[in-house]
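Student: I'd like to go through this protein with you, a bit at a time. Can we start with its pockets and then move on to other things?

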Amino acid sequence: MIWNESVECMSREEMRKVQSIRLKRVVERVYHNCEPYRKRMQEAGVTPDDIQSIDDIVKLPFTSKKDLRDYYPFGLLSAPMSEIVRVHASSGTTGKPIVVGYTRADLAMWAEAGARCLTAYGLGKNDVVQVSYGYGLFTGGLGAHAAVENIGGTVIPMSSGNTEKQIMLMKDLGAKALAATPSYALYLAEALANSGIPRDEFQLKVGIFGAEPWTEAMRKDLEAKLGIKAYDIYGLTEISGPGVGFECECQNGTHLNEDLFYPEIINPETGEPVEPGKEGELVFTTLTKEGMPLIRFRTRDLTKLIYEKCSCGRTLVRMGRILGRSDDMLIIRGVNVFPSQVEAVLCEQEEFEPHFFITVDRVNNTDTFEIQVEVKEAYYSDEISKMLNLQKKLAHKIQSVVGIQPAIKLVEPRSIERSQGKAKRVLDKRKFQ
Ligand code: ADP
Ligand code: ZN
């Protein structure tokens, strides 16, 4: 099923026309209503007249996360406060969060984007969706919530936490879909198994997972543990929230709502566009936002774009899986390591749970790389030799994937803290030295 066929299946040519018209409009808007944008464009020697088609986008300067911090809280608004009806904020690891303002039309646009996602997952007005993303400043909860209401489904506004109640309501209210971070879904899967309630008392069939990177291996794991089909949903606060992109039934890349959010891939070092199909940093321009439109916002997410038509019939561009944000990448003894690589290895090994915690430090001028890993109940043993064998095997496996050998510390089942939102899986002590 397709929510908005005329847009989602539009010819590439038609799409470019729509994008061109909208780009001109949004550039006019920021130029005339947002001082920092006007200044930036003047410094770059561009005026709105220089933007005649979507190809002219490369003339425009980038916007970075730092800009959002520098103009905290409302410096990048392009609408008067009287038109702003909602704010959200992204957590931000240190200091002030990033604050985003939405007009009524922005919220409607976001709900449209979300409706396209849910429809692609096969959900409709007869379905109950449990939203277990956190509600509040985080965009996950309210974003998914609006999407369910827009398709006319029934939303259970659970938010995260209170795991027992999550399981009870999921069963009693007949939730067909669960929207959560993959790490919280993993936690709920454990809770569901431990509840002892037979699986056939649940109606659950669909997982709506995103807000953090997750791997194909994790998808298989979650699908097996929950007995569902798990779909990707992608989004970020600065651009709106969940619903910027979604997987269709083909699960061959994440479609981007490119009539609303124009994607580019650039070389993160030079800022130049990469060749089509090549990996790089994802950049978005919001084409219709009023409250806080962003021009060429650098997401720091690393991926590639696929322009071929998808077998689902949608022409919307797809992006490949996100390996991680460039900020998540650890450089350990000169080697680039993404936590998602560790996740993928753990999901493929029978003996371990995909619960892990990476600690990086520097001792005697050498980086140390330790991974705490939970061993499955059935494989956990008091026999040292057995544990040592497991340890060796895993260290070797991880080395073959990431390129350097970690020190593996095996821990008991359920001893690593479970995440109810976005998982925190890394402590880089070098940052504090
Ligand atoms: P914060 O910056 O505080 O984490 P956001 O919710 O805005 O807050 O985070 C958005 C980021 O989350 C994205 O830029 C991306 O790195 C990650 N993300 C969101 N959805 C996905 C997804 N489906 N797959 C991989 N990463 C995702
Ligand atoms: Zn598709």
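Tutor: Let me begin with how residues are sorted by class: Ala, Val, Leu, Ile, Met, Phe, Trp, Tyr, Cys and Pro count as nonpolar, Asp, Glu, Lys and Arg as charged, and the others, Gly among them, as polar. Please also keep in mind that what you see is a predicted model.

Student: OK, so which classes line the second largest pocket, and how many of each?

Tutor: Its lining has eleven nonpolar, two polar and seven charged residues. The volume of this second largest pocket is about 390 Å³, and of the 20 residues that line it, Tyr262, Pro263, Glu264, Leu305 and Tyr307 lie nearest its centre.

Student: Which elements give two or more residues to that lining?

Tutor: Those are helix H2, which covers 12-33, and strand E10, which covers 261-266. Strand E10 gives the most, with four residues.

Student: Switching topic, what domains does the chain have?

Tutor: The domain assignment gives domain 1, covering 1-328, and domain 2, covering 330-432. Taken over C-alpha atoms, their centres are separated by 30 Å, and the contact involves 24 residues of domain 1 and 19 residues of domain 2.

Student: How much area do they bury between them?

Tutor: About 1,800 Å² is buried between domain 1 and domain 2, and 56% of that is on carbon and sulfur atoms. On the domain 1 side, Glu190, Leu323 and Asp328 lose the most area to domain 2, and together they make up 25% of what that side buries.

Student: And how many salt bridges cross that interface?

Tutor: Two salt bridges are found across the interface of domain 1 and domain 2. Glu190, which I named a moment ago for the area it loses, has a salt bridge with Arg418, at 2.9 Å from N to O.

Student: What about the Asp67 and Arg40 pair, how far apart are the closest N and O atoms?

Tutor: They are 2.8 Å apart in that salt bridge. Asp67 lies in helix H4 (residues 65-70) and Arg40 in helix H3 (residues 35-44), so this pair ties together parts that are 27 residues apart in sequence.

Student: Last topic, the backbone. Where is the cis peptide bond with omega about -10 degrees?

Tutor: That cis bond joins Tyr72 and Pro73, and Pro73 is in the loop between H4 and strand E1.

Student: What is the phi of Asn162?

Tutor: Phi of Asn162 is near 55 degrees, which is a positive value in a residue other than glycine. Asn162 is in the loop between strand E4 and helix H7.

Note on methods:
Residues numbered from 1 in each chain as written. Chains lettered and ligands numbered in written order. Predicted model: local features only at pLDDT ≥ 70, side-chain atom pairs only at ≥ 80, totals over all residues. Heavy atoms only, no water. 1 Å grid on protein atoms, 1.4 Å probe; cavity = no way out; pocket = protein on both sides within 12 Å on 5 of 7 lines; lining within 4 Å. Points joined across faces, edges and corners; volume = space filled by probe spheres on them. Domains from an automatic or database assignment. Contact = heavy atoms within 4.5 Å. Buried area = accessible area lost by both parts, 1.4 Å probe. Salt bridge = Lys/Arg side-chain N within 4 Å of Asp/Glu carboxyl O.
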